[in-house]
Amino acid sequence: MTLIQSLTRGAITRIMQGEYILNPVVQILNIDRVNPTKPDEEQYRLIISDGEYHCYAMLDIQLNQLHHYGLLSENTIVCLDKYTISMAGKKGFGNNQSIIFRLILNELTALNSGDQVQTKIGEPVTYENADTANSASTAPVLRGPEERKQSNNNYNSNDRTLKTKCNALTIPIASLSPFQKKWFIKARVVGKTRKYPYRGGRYFSMNLKDKSGEIRVTAYKEQCDKFYDLIVADNVYFFSNCHLKLANKQYSLKSDYEMSFTGETMVQLCDDEDNVGVPEIKFDLIPLSQVTNMENNESVDTIGICKEVGELQTVTSRTTNKELKKRELTLVDASNDPIVLVLWNNEAINFDGQVKSVILVKGSRIKEYLGHKNLNVGSGSILKINPDTPEAHKLREWFDNGGGNNISTMVSARTGGGSFSTDWLTLKDAYLRNLGSGEKPDYFQCKAVVYIVKQDNAFYKACPQADCNKKVMDEGNGHYRCERCNAAYPNFKYFLKVDIHIGDCTFNRRAICFGQTGEQLLKHTTQEIVEALENDPARAQKIFSDVKFSSHIFKLRCMNTFYEGTVRNMLYVQSINPLNIKEYNGRLIKELIEMTNGTA
Ligand SMILES: [Zn+2]
């Protein structure tokens, strides 16, 4: 006759209250597939019983095989060799609030098969119905002296078991302390910096956030290299084995501590089901008009519609003398005060929003320059394009119904990101003022008509690097050399260089539309334009002639270039914006009033 193992009575209550029990013996009452309609997500949920209570437990997918072999059928008695508990959320309110734990079975041994046991042991009731406040004391642990002795022995002699015990628990960030050596936290990455140089290596930081609080963590050198690409902002992970120290209050958040990664640090992505209870990123959105009343360097969460998208610019940092990439977006909202949002480097290069996109930003910084304030997306900022939130939909509806029409981004000369101002000039004025003849380029904007759009040489083969658009030389051996990068690549990208003539009532000038501004002008993607020019002359003809005699607001960069020994004053189109008659007339009327000292 087979010996049927006895169950570890009271085990479930104690486990679910966070206590670690060594090798508890439980009975499987039921096993069920989660998401049976999704073939690639094979996961099983069990109901396990200790004879007094039963509860749900998830089967680690590594153990699915056991079920395939029929080892986990109803009534089977198993020993839990390894299990983990994570916080799955909270229930109740105020003082009655309690944490809901999720039990995951990682390793187990079947002691008696379902066929041997044949029946449910005891009259277990569901754990959720238990009075959790009292059940620990009312559910005495029934263990024989032999069993207890064995358990204690294991406990002291087996270090791995100790580790398992500590790993079994996820604790809230607010209860982290340096005195606690072993823990897990489950947190959302809410701000991830770029990599910075650090003692011959690099480092990055991020903030980790759960319901209880937020803590800053930094990864230096090897840890930076190991984790930088793996950790994605806004994802939820388990973290453990980080080094905890008192926070430097200068940079700290609400937490007393900050952490750094160590060689032992473990980071594990949580799937969506595990994310229950980890708060979504909170945005304290303010209207754009409030920015003017705020202090330089303050952090701003806001949402706006992109009314203008500037072209990618290269600027030199005043402090480090390094070359930086930047792109400016003009955001508007119902508060009637447009603001410039500046994106830097990768964010600027990879920006794929356009006019009318809703832009949500968290943690942008106010920068004041010559009395104008704009917002900068920097390290730790989060930028979302067309987020699926009620605020975004409301804003879009407002804009689609003409809400943005009454907001003029043109009335005054706005500072463009603090480095230059964009004056309104006629083409003749710009010429008479010798714009572009100085060391640095000049910028101005004007309303002009497109007279000529040249089809010839409207694109070239350019360096494939995202932030380099230099024309490449075909080396004839399947490689293309970029002189700026000083490298040869096996591929290239097509890049637009559209030659146009524009004119206003005073003058007309040649101007060049590179890349995105070329696409904007021709209203087609580079791909489509190149395709048409190469294979479909009629279509190309139409794309190019459709633009003729259209009026736009052009922002132009004016500079001298040296070409074959001669100096040429060139205009480069920085952005093309649709002409809004009402807005434009508003500007003309304002100018008239100024010219006539308000007597008009
Ligand atoms: Zn290049």
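Rings of Phe, Tyr and Trp count as an aromatic pair if their centres lie within 6.5 Å. By that rule, a search of the whole structure finds 20 aromatic pairs. The model is predicted. Two of the pairs are described here, along with a cluster, a surface patch and the confidence of the chain.

**Two aromatic pairs**

| Pair | Distance between ring centres | Angle between planes | Class |
|---|---|---|---|
| Y451 and F549 | 6.5 Å | 75° | edge-to-face |
| F495 and F514 | 6.3 Å | 25° | stacked |

Take Y451 and F549. Their planes stand at 75°, so the pair is edge-to-face; the cut-off for that class is over 60 degrees. Y451 lies in strand β22, residues 442-453. F549 sits in the loop between α13 (537-545) and β29 (551-563). The pair therefore ties together parts that are 98 residues apart in sequence.

Now F495 and F514. Here the planes are at 25°, so the pair is stacked; that class needs planes under 30 degrees apart. F495 belongs to strand β27 (residues 493-503) and F514 to strand β28 (residues 508-514), so this pair ties together parts that are 19 residues apart in sequence.

Aromatic residues also group beyond these pairs. Y196, Y198, Y203 and Y220 form one aromatic cluster.

**Buried or exposed?**

How does each ring residue of the two pairs count? Y451 has 34% relative accessibility and counts as partly exposed. F549, at 58%, counts as exposed, because the cut-off for exposed is over 50%. F495 is buried, with a relative accessibility of 13%. F514 comes out at 25% and counts as partly exposed.

**A nonpolar surface patch**

Which residues join Y451 in a nonpolar patch on the surface? They are I452 and F549. Together the three have about 310 Å² of accessible area. Y451 and F549 thus appear both in this patch and in the edge-to-face pair.

**Confidence**

The mean pLDDT of the chain is 80. Of its residues, 83% reach 70 or more. Confidence is highest in α13, at 95. That helix comes just before the loop that holds F549. Confidence is lowest in helix α5 (residues 145-157), where the mean is 31.

Two stretches have pLDDT below 50. One covers residues 129-167; in the model it has 33 contacts beyond near neighbours in sequence. Another covers residues 410-421, with 41 contacts beyond near neighbours in sequence.

Note on methods
Residues are numbered from 1 along each chain as its sequence is written. This is a predicted model: local features need pLDDT of at least 70, side-chain atom pairs count only at pLDDT 80 or more; totals for chains, interfaces and linings use all residues. Side-chain values use heavy atoms; hydrogens and water are left out. Patches are made of residues with over 30% relative accessible area and no salt bridge: like charges are joined within 9 Å, nonpolar side chains (Val, Leu, Ile, Met, Phe, Trp, Tyr) within 5 Å. Accessible areas come from the Shrake-Rupley method with a 1.4 Å probe; for residues, only the protein chains shown count as cover. A salt bridge is a side-chain nitrogen of Lys or Arg within 4 Å of a carboxyl oxygen of Asp or Glu. Helices (H or I, at least four residues) and strands (E, at least two) are DSSP runs, numbered from the N terminus. pLDDT is the predictor's confidence in each residue, from 0 to 100. Contact means heavy atoms within 4.5 Å. Rings of Phe, Tyr and Trp (its six-membered ring) pair if their centres lie within 6.5 Å; planes under 30 degrees apart count as stacked, over 60 as edge-to-face and the rest as tilted. Buried means under 20% relative accessible area, exposed over 50%, partly exposed in between (1.4 Å probe, protein chains only).
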